[in-house]
Amino acid sequence: MEMSLDHVSVIVEEYDPAIEFFTKALGFELVEDSPALTSADGRPKRWVVVRPPGGGTGLLLARADGERQTAAVGDQWAGRVGLFLRVDDFDSAYARMVDAGVRFVGEPRSEPYGRVAVFLDIAGNRWDLLG
């Protein structure tokens, strides 16, 4: 039996700035941007999915809805790194992301599993850039 993790939600303040960050600063592809309705009461929303080029799992960019979700924007993993972006060419990816304005919270370092640098997404969630 085959399985795959299709999407992971990232709660964002607004769709369009998040789409721009993930597609321009990180180089992801916009896979889908479709109108949808909330499951609770049928209010309009968007189904927005971005994905790293060649990557299988997509990010569902979910606009915060209500106080609880708004409070989670930028803190989905309680200050820990919650997502890990592996790249083939660490130095090129790091330089491109710095040039695009991505905020890194420390200098790149070498670990037994490869080169790593922690960065923040548009919402403030921590990611590892891995090479």
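How many aromatic pairs does a search of the whole structure find? The search finds eight. The model on display is predicted, and the tour below starts from these rings before moving to strands, salt bridges, pockets and one loop residue.

**Stop 1: the aromatic rings**

Select Phe21 and Phe22. Their rings form an edge-to-face pair, with 5.2 Å from centre to centre and 90° between the planes. Both Phe21 and Phe22 are buried.

Next, select Phe104 and Phe119. This aromatic pair is tilted, with centres 5.7 Å apart and planes at 55°. The contact links distant parts of the chain: Phe104 belongs to strand 6 (residues 103-104) and Phe119 to strand 8 (residues 114-120), a separation of 15 residues. Phe104 and Phe119 are both buried.

To see how these residues belong together, extend the selection to Phe28, Phe90, Tyr94 and Trp127. With Phe21, Phe22, Phe104 and Phe119, they form one aromatic cluster. Keep Phe28 and Trp127 in mind, as both return at a later stop among the residues lining the second largest pocket.

**Stop 2: the hairpin of strands 2 and 3**

Show residues 29-37 and 44-51 as a cartoon. These are strand 2 and strand 3, which run antiparallel and are joined by eight bridges. To follow one of the pairings, select Ser34, whose bridge partner in strand 3 is Trp47.

Then move to the turn. Six residues lie between strand 2 and strand 3, which form a hairpin. Within the turn, select Gly42, where phi is positive at about 80°.

**Stop 3: the salt bridges**

The structure holds six salt bridges. Begin with Arg46 and Asp16, whose side chains meet at 2.9 Å, N to O. This pair links distant parts of the chain, 30 residues apart, with Arg46 in strand 3 and Asp16 in helix 1 (residues 15-25). Arg46 is partly exposed because its relative accessible area is 23%. Asp16 likewise counts as partly exposed, at 48% relative accessibility.

Stay beside the hairpin and select Arg43 and Asp41. Their side chains also meet in a salt bridge, at 2.9 Å from N to O. Arg43 has a relative accessibility of 37%, so it counts as partly exposed.

Now turn to Arg109 and Glu111, which form a salt bridge at 2.8 Å, N to O. Both residues are partly exposed: Arg109 has 36% relative accessibility, and Glu111 has a relative accessible area of 29%. To finish this stop, add Asp33 to a selection of Asp16 and Arg46; salt bridges with shared partners join these three residues into one network.

**Stop 4: the largest pocket**

What is the volume of the space in the largest pocket? The space amounts to about 270 Å³. Select Thr38, Lys45, Arg63, Asp65 and Gln69, which are the closest to the pocket centre of the 17 lining residues. Strand 3, already visited, and strand 4 (58-63) each supply at least two residues of this lining. By class, the lining divides into eight nonpolar, four polar and five charged residues.

**Stop 5: the second largest pocket**

The second largest pocket has a volume of about 180 Å³. Its lining consists of Val8, Phe28, Pro52, Thr57, Gly58, Leu59, Leu83, Phe84, Leu85, Arg86 and Trp127. Strand 4 and strand 5 are the elements that give two or more residues to this lining.

Which strand gives the most to the lining of the second largest pocket? Strand 5 does, with four residues. The classes here are eight nonpolar, two polar and one charged.

**Stop 6: a loop residue with positive phi**

Finally, select Ala78, in the loop between helix 2 (67-72) and strand 5 (81-86). Most residues other than glycine have a negative phi. At Ala78, however, phi is positive, near 50°. Is this residue buried or exposed? Ala78 counts as exposed because its relative accessibility is 65%, and the cut-off for exposed is over 50%.

Technical notes:
Residues numbered from 1 in each chain as written. Predicted model: local features only at pLDDT ≥ 70, side-chain atom pairs only at ≥ 80, totals over all residues. Heavy atoms only, no water. Buried < 20%, exposed > 50% of the residue type's maximum accessible area, 1.4 Å probe, protein only. Pairing = 2+ DSSP bridges. Salt bridge = Lys/Arg side-chain N within 4 Å of Asp/Glu carboxyl O. 1 Å grid on protein atoms, 1.4 Å probe; cavity = no way out; pocket = protein on both sides within 12 Å on 5 of 7 lines; lining within 4 Å. Points joined across faces, edges and corners; volume = space filled by probe spheres on them. Nonpolar A, V, L, I, M, F, W, Y, C, P; charged D, E, K, R; others polar. Phe/Tyr/Trp six-rings, centres within 6.5 Å; stacked < 30°, edge-to-face > 60°.
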